[in-house]
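User: I have a protein model open and would like to go through it with you. Could you take my questions as they come?

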Amino acid sequence: MNKIKLTFLMLLLCCSSISFAQTNEELKASALRDAKIASQATLKMDFDKVLDYTHPNALKIMGGKEKAMELIETTFSTMKENGFVFEKADVLGVSEIVFEDNEYRCYIENFNQMVFNGMRIKSKSYLLGIYNSEANFWYFVEAKELKNKAMMDKVFPNFKTSLKIPEDSTTSEKI
C-alpha cells in the first residue's frame, strides 16, 4: 500500500512540475512579447502604447495617464528639438519568473542606442515586469527605481523581491 501511495505522490509531483514549467515558459514568452511591444513603441515614440504597459502605481504617482503623457511628450519634444534620436531599442532577454506577494515578476534586459548632442549613447537597462493575470499582460517599471527607496515606497510600499537585477550600464562615443 505504501508503494502505491509513494508512486502516486511521485507521479503527482512530476505532473505538477511539468505543468509549472509550461506555465513558466508561457509567462516568459508573454513577458518577452509585451516588452518588445513596449520597446518598439518607445522607438516609434508611441507614448500612449508605452503607458499602456506602465504599471498603474507608477502612473498614479505621475498624476494619471493623461499627466504622464503630457510630461513624456514635453520632455521628448524638447530633447528632439536638441537633436535627440532613438536609433535602436531592443529587448535582449527575460530573467527567471518568480512568484512573490501573489504576483509573477521578472526583469527584462534592454539595449537602447540614441544620438544626442553629437554623442552616440548605448545603454543596457532593466525593467521590472509584473504580470497582470486578469488582463493577461505585463506591466513594467524602470528597475533602477528599485534602488530609490523614497520613490519605491510611493510606487510599491514594502516592496521586496528575490530577483537579482543587474545594474544599468551606459557608454558613449563622440560622432
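User: Which residue takes a positive phi in the hairpin of strand 3 and strand 4?
Analyst: In this predicted model, that residue is N117, with a phi near 50°. The hairpin has two residues between the strands.

User: How many bridges join strand 3 to strand 4, and in what sense do they run?
Analyst: Strand 3 covers residues 103-116 and runs antiparallel to strand 4, with twelve bridges joining them. One pairing places Y107 with L128 of strand 4 as its bridge partner.

User: And on to strand 5: how many bridges pair it with strand 4?
Analyst: Six bridges, again in the antiparallel sense, pair strand 4 (residues 119-132) with strand 5. Within this pairing, F140 of strand 5 is opposite G129, and L127 has E142 as its bridge partner.

User: What about the turn there, how many residues lie between the strands?
Analyst: The hairpin of strand 4 and strand 5 has four residues between the strands. N136 lies in that loop and has a positive phi near 65°, although N136 is not a glycine.

User: Why bring up the sign of phi?
Analyst: Because most residues other than glycine have a negative phi. Another exception is D101, a residue that is not a glycine and has a positive phi of about 50°. D101 is located in the loop between strand 2 (98-100) and strand 3.

User: Are D101 and N136 buried or exposed?
Analyst: D101 has a relative accessibility of 58%, so it counts as exposed, the cut-off being over 50%. N136, at 44% relative accessibility, counts as partly exposed.

User: Is strand 5 itself enclosed or open?
Analyst: Strand 5 (residues 137-142) is largely enclosed by the rest of the structure, because five of its six residues are buried.

User: Which other strand pairs with strand 4 over six bridges?
Analyst: Strand 6, residues 169-174, pairs with strand 4 in the antiparallel sense over six bridges. In that pairing, S169 of strand 6 is the bridge partner of K124.

User: Changing topic: how much space lies in the largest pocket, and which residues are nearest its centre?
Analyst: The largest pocket holds about 1,200 Å³ of space. Its lining consists of 40 residues, and those nearest the centre are V50, I72, F76, L127 and E142. L127 and E142 are also the bridge partners mentioned above for strand 4 and strand 5.

User: What is the lining made of, in terms of nonpolar, polar and charged residues?
Analyst: The lining comprises 25 nonpolar, ten polar and five charged residues.

User: Now the helices. Where is K36, and how far is it from N110?
Analyst: K36 belongs to helix 1, which spans residues 2-43. The C-alpha atoms of K36 and N110 are 9.4 Å apart in space, while the two residues are 74 apart in sequence. K36 counts as partly exposed, with a relative accessibility of 42%.

User: To finish, how many helices and strands are there, and in what pattern?
Analyst: The protein has five helices and six strands, arranged along the sequence as α-α-α-α-β-β-β-β-β-α-β.

User: And what share of the residues is buried?
Analyst: Of the 175 residues, 35% are buried. The accessible surface comes to about 11,000 Å², and carbon and sulfur atoms account for 56% of it.

User: What about contacts over long stretches of sequence?
Analyst: Taking contacts between residues at least 6 apart in sequence, 57% join residues at least 24 apart.

Technical notes
Residues are numbered from 1 along each chain as its sequence is written. This is a predicted model: local features need pLDDT of at least 70, side-chain atom pairs count only at pLDDT 80 or more; totals for chains, interfaces and linings use all residues. Side-chain values use heavy atoms; hydrogens and water are left out. On a 1 Å grid over the protein atoms alone, a cavity is a set of points where a 1.4 Å probe fits but cannot get out, and a pocket is an open set with protein on both sides within 12 Å along at least five of seven lines; lining residues have an atom within 4 Å of a point. Grid points are joined across faces, edges and corners, and a volume is the space filled by probe spheres set on the points. Ala, Val, Leu, Ile, Met, Phe, Trp, Tyr, Cys and Pro count as nonpolar, Asp, Glu, Lys and Arg as charged, and the others, Gly among them, as polar. Buried means under 20% relative accessible area, exposed over 50%, partly exposed in between (1.4 Å probe, protein chains only). Two strands pair if DSSP finds at least two bridges between them. Contact means heavy atoms within 4.5 Å. Accessible areas come from the Shrake-Rupley method with a 1.4 Å probe; for residues, only the protein chains shown count as cover.
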